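Colleague: I should like to learn how to read a structure of this kind. May we look at it together?

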Amino acid sequence: MIIVAARVETIVNSVFSSNTYLISSDESSDSWLVDCGDMDKVMKILPDGNKIRGLFLTHTHFDHIYGINELTRLFPECLIYTSEYGATAIRSSKLNLSRYHESPVEYAGDKLRVLKEGDIVKLYDVVEMSVIETPGHCPSCLSYMTDEWLFSGDSYIQGLKVVTNLPKGDKAMAQMSVEKIKSLIGHRMLFPGHGESCIIRHN
Ligand SMILES: [Zn+2]
């Protein structure tokens with residue numbers, strides 16, 4: 001059995017304390033991000049010589065995307081993974097809610113890759129991200145799962161109700177997404193969009 005030591009590091013962003021996750025492996029110079037805020041904090045911990053190959057967006061609300069243009073400037077080849085709705089919202093400061101902040105964000109690059117339920121993206125030889133559609137908080141919501149990790153964005157934050165009172169939030173869908181994530185999590189470490197990562201105990 002090949003053991004690839006891939007790891008996740010957490011960055012807490014200055015806007016709304018959203019989490020960015022940096023995924024790296026000692027056996028590769030490829031790194032990956034889940035959500036993107038303060039890029040200066042990412043660059044401080046990115047291993048020397050590593051490139052960020054892809055950004056997985058859990059959804060396209062401002063606090064989870066606002067570093068995207070800086071990321072693209074630093075790593076022009078970086079792919080941006082999001083849902084179909086996300087691919088529209090990332091280009092619209094109205095839909096991604098950034099127009100209500102000081103610095104509206106609209107992605108103008110051509111590296112968008114649309115993901116849907118069941119899609120798989122290979123990070124390292126034995127580490128793959130599979131895509132779970134978890135709408136409700138926002139129509140763009142995707143969660144991502146490997147054998148060991150589950151990135152749930154704002155679709156599931158343990159101990160908190162999912163926020164559904166933002167534009168295009170849907171309470172019933174959000175509840176279905178929570179159930180879906182809970183049924184999939186198993187032994188995996190949960191990495192939410194805000195707050196601490198944790199292992200969910202099953203009763
Ligand atoms: Zn959000």
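Modeller: Let us begin with strand pairing, bearing in mind that this is a predicted model. Strand β5 (residues 79-82) and strand β6 (residues 112-114) run parallel and are joined by three bridges. Within this pair, Y81 stands opposite R113 in β6.

Colleague: Which strand pairs with β5 in the parallel sense over three bridges, besides the one just named?

Modeller: That is strand β4, residues 51-56. Here L55 stands opposite I80 in β5.

Colleague: Which helix makes a β-α-β unit with β5 and β6, and of which hand?

Modeller: Helix α4, residues 84-89, does so, and the unit is right-handed.

Colleague: How should I read the nonpolar residues?

Modeller: In soluble globular proteins, nonpolar side chains tend to be buried together. In this model the largest nonpolar core has 24 residues, and L55 and I80 are among those with the most contacts inside it, as is M39. Elements giving two or more residues to this core include β4 and α1. Another core, of 20 residues, lies apart from it, and Y81 is one of its members.

Colleague: Which residues coordinate the zinc ion?

Modeller: They are H59, H61, H137 and D154, at 2.1 to 2.6 Å. Both H59 and D154 are buried. H59 lies in the loop between β4 and α2, and D154 in the loop between β10 and α5, so the two tie together parts that are 95 residues apart in sequence.

Colleague: Why is the arrangement around the zinc ion irregular?

Modeller: Ideal angles for four tetrahedral donors are 109.5 degrees. The arrangement here is irregular because the four donor atoms subtend angles of 85 to 170°.

Note on methods:
Residues are numbered from 1 along each chain as its sequence is written. This is a predicted model: local features need pLDDT of at least 70, side-chain atom pairs count only at pLDDT 80 or more; totals for chains, interfaces and linings use all residues. Side-chain values use heavy atoms; hydrogens and water are left out. Two strands pair if DSSP finds at least two bridges between them. Helices (H or I, at least four residues) and strands (E, at least two) are DSSP runs, numbered from the N terminus. A crossover is right-handed if, with the strands pointing away from the viewer, the path from the first strand over the helix to the second runs clockwise. A nonpolar core is a set of buried Ala, Val, Leu, Ile, Met, Phe, Trp, Tyr and Cys residues joined through side-chain atoms within 4.5 Å. Buried means under 20% relative accessible area, exposed over 50%, partly exposed in between (1.4 Å probe, protein chains only). Donors are N, O and S atoms within 2.8 Å of the metal (3.2 Å for Na, K and Ca); water is not among the atoms, so sites may look incomplete. Four donors count as tetrahedral if all angles lie between 85 and 135 degrees; four count as square planar and six as octahedral if opposite donors are over 155 degrees apart and all others between 65 and 115; anything else is irregular.
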